[in-house]
Each structure stands twice: as structure tokens, then as C-alpha cells.
Amino acid sequence: MRIAVTIFLTDQTITPVRLARELEERGFSGLYLPEHTHIPVERVTPYPAGGELPPEYGRTLDPFVALGQASAVTDNLHLGTGITLVAQRDPIDLAKQIATLDHLSGGRFTLGLGYGWNKEEAADHGVEWTTRRELVRDRMALMRALWAGQPTSYEGEFASVKASYAFPKPVRGGAPRTLVGGAAGPKLFAAVAEYADGWLPIGGRGLTESLPVLRRAWEDAGRDVRDLQIVPYAVLPAPGKLAHYAELGIEEVVLQLPPADEAGVLKVLDEYASYL
């Protein structure tokens, strides 16, 4: 099982360069970063985990800039987002950012995408909350048109692009590895089966019940179940938990690091070393 990590990197934590070097030297497989462009002070949307929203949510580094730094100082460390808020980004710009990072890293990038939870943040980006899933689907299709091997136009419900020269391309062709984050449900599983390589279940709970449902949706979409990737995300590890994932056939897990300074993060990496 490959062991990757995720962390809220901020202006107060360990730096991307220092963390990336430590992860590669210690044998961790990857680094996934979340994003929030901003957190409006006046907020109605409750924090999904309950209680007060942790301060790091309003201090996150841009994941693509941070992962670009991580890419430059590593050779094998996989790089991912967990998650990119696709609805809040211009798809033409985002397609260029993704393809550039994937190209410069030698195909090490995984696009973890999601639909968001903070209505106020999304509203400032002009996102209509009730149609955000359709918007993400539309933007993914537009980006795939730009990543296509030949100039390809796209006319969607929310945006369009003319047949264009758009280089670089994702290394593996068509699109980088793509995983959809979010809670189990028919809408999310339909999206996973339509335009992704797999699922990023946050926390990894309830997989025994959810995986058969997702596999059925995947096969109903005409896809080979052997290609489906499940990557439990932001997991607080325990030997029994990882053993359970292994029994389910899961080959990668992303462990949660604290948003701490260098000493604090390295201490937790030492504790996680037993899982490598």
C-alpha cells in the first residue's frame, strides 16, 4: 500500500520545499494539498466537521504554486490536490496550470477535485450553489477538450472554447489521473463513473458498504471495475484501519498531517514511519 500525506500548508507551517524533500527521503509516496481561495468572515455555512472552522482554512497556500515548488525538489514524489475547487476556477486557466504541473513533474500529478462546502466562498466566485455539480462536469469536459491530442472545440452549458492549440498536454494523454472527493451518494458516484479514475472518500469511513454501490455504478457506465481507484483521504491511521483497507483491495491511502511548523510535522512523520 502506498502511503501519501495531506496537509493544510499555510504561511505559518512547514514550507512545501522542506516537506517535499522530507517525504521523498522517508519513502512516502505522495503529497496532496487542499485549497480555499478565501474564507468570508460573515459565514452562514457550518463547518462540515462541526464546531469552529480551524484558522488554517483561511491561510492555505495556492496548491499549484506549492506543488510546483515540491515538484522542483523531488524526483519520484507524486503530487496531487485534495481537492481542487473546479467550480471556482476559470477552466481554461486551470487546464493550463494542471497540464504545466503534470508536464514539469514528469506525469506525477493527480487532480483531486470536489464541489466545495462553503457557500459564501463559492458565491464570491459567481457560483450558483444548486448547479455547481453541473458546472464542474461542464468545466471538466472543456478542459479535456484543451488536453486532447488535436485541436478540439467544446460548447457547454456554462462555457465554451474554440478548437485551439494548447500545450503542454498531460503526460499520460487525455487527462491526468483524476479522483473525485466527496460523500458517498448516487450523484457523486455517477460523476466518478463518468469522468474520473476513482474516488477520494474523506476519512475513509463506511467503505465496506459504499464500495459495492460505486462498483455497480462504474460497471453500469461500461467501465472495467479493475480500473477503479479508491484512495481514502485525510485518514488518521491505525494498524487495524489500514489492514481493513488492504482487505478491500485499496492500494493507496492519504494520511492527515497537522498544519504545524517544521518540528511539529516532522514529529508526526516519524510516528507515521511505522506504516511505510
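Strands S5 (109-114) and S8 (177-181) run side by side in the parallel sense, paired over 4 bridges. This is a predicted model, so keep that in mind as you turn it on your screen. From that strand pair we can walk outward to the neighbouring strands, then to the helix packed between them, the nonpolar cores, the open and closed spaces, and two loop residues.

**Strands around S5 and S8**

- Glycine 112 is the residue that stands opposite leucine 179 in S8.
- On to the next strand: S8 also pairs with S9 (198-200), again in the parallel sense, here over 3 bridges.
- Leucine 179 turns up once more in this pairing, standing opposite glycine 198 in S9.
- S5 has a parallel link to S3 as well, made by 2 bridges, and there glycine 80 stands opposite threonine 110 in S5.
- S3 (residues 78-81) in turn pairs with S2 in the parallel sense over 4 bridges.
- Glycine 80 has a part here too, as the bridge partner of tyrosine 32.

**How S8 is covered**

- Is S8 covered or open? S8 is mostly covered, and 5 of its 5 residues are buried.
- In a regular strand, side chains alternate between the two faces of the sheet.
- In S8, Arg177, Leu179 and Gly181 point one way, while Thr178 and Val180 point the other way; all are buried.

**Two β-α-β units**

- S8, H6 and S9 together form a right-handed β-α-β unit.
- A right-handed β-α-β unit is also made by S2, H2 and S3.
- For finding these on the chain, S2 covers 30-33 and H2 covers 63-72, while H6 covers residues 186-195.

**Helix H6 and its surroundings**

- Which residues of H6 are buried? Leu188, Phe189, Ala191, Val192, Ala193 and Tyr195 are buried.
- The cover over these buried residues includes strands S5, S8 and S9, along with helices H5 and H7 (207-220).

**Nonpolar cores**

- Nonpolar side chains tend to be buried together in soluble globular proteins.
- The largest nonpolar core here has 71 residues, and those with the most contacts inside it are Ile7, Leu19, Leu31, Trp199, Leu257 and Leu269.
- Helix H5 (residues 132-147) gives the most to this core, with 8 residues.
- A second, separate core has 9 residues, including Ile83, Leu85, Leu200 and Tyr233.
- For a closer look at one member of the largest core, try leucine 31: leaving aside neighbours within four places in sequence, its contacts include Val5, Ile7, Leu19 and Leu23.
- Leucine 31 is also in contact with Leu67, Ala70, Leu77, His78, Leu79 and Gly80.

**Pocket and cavity**

- Rolling a probe the size of a water molecule over the atoms shows where empty space is left.
- How much space lies in the largest pocket? The largest pocket holds about 1,300 Å³.
- The largest pocket is lined by 45 residues, and the closest to its centre are Pro48, Tyr57, Ile202, Gly203 and Ala234.
- H5, H7 and H8 (239-247) each supply at least two residues of this lining, and the largest share, 3 residues, comes from H8.
- The count of cavities of 30 Å³ or more comes to 1, and the space in the largest cavity is about 30 Å³.
- Lining the largest cavity are Ile7, Leu9, Leu33, Pro34, Thr60, Leu61, Asp62 and Pro63.

**Two loop residues to find**

- Where is alanine 49? Alanine 49 sits in the loop between strand S2 and helix H2.
- Alanine 49 counts as exposed because its relative accessibility is 61%, and the cut-off for exposed is over 50%.
- The C-alpha atoms of alanine 49 and valine 5 are separated by 19 Å, with their places 44 residues apart along the chain.
- Aspartate 261 is in the loop between strand S11 (252-256) and helix H9 (262-272).
- With 45% relative accessibility, aspartate 261 counts as partly exposed.
- Aspartate 261 and threonine 15 are 246 residues apart along the chain, yet their C-alpha atoms are separated by 8.4 Å.
- Not counting residues up to four places away in sequence, aspartate 261 touches Gln12, Thr13 and Ile14.

How values were computed: Residues are numbered from 1 along each chain as its sequence is written. This is a predicted model: local features need pLDDT of at least 70, side-chain atom pairs count only at pLDDT 80 or more; totals for chains, interfaces and linings use all residues. Side-chain values use heavy atoms; hydrogens and water are left out. Buried means under 20% relative accessible area, exposed over 50%, partly exposed in between (1.4 Å probe, protein chains only). A nonpolar core is a set of buried Ala, Val, Leu, Ile, Met, Phe, Trp, Tyr and Cys residues joined through side-chain atoms within 4.5 Å. Contact means heavy atoms within 4.5 Å. Two strands pair if DSSP finds at least two bridges between them. A crossover is right-handed if, with the strands pointing away from the viewer, the path from the first strand over the helix to the second runs clockwise. On a 1 Å grid over the protein atoms alone, a cavity is a set of points where a 1.4 Å probe fits but cannot get out, and a pocket is an open set with protein on both sides within 12 Å along at least five of seven lines; lining residues have an atom within 4 Å of a point. Grid points are joined across faces, edges and corners, and a volume is the space filled by probe spheres set on the points.
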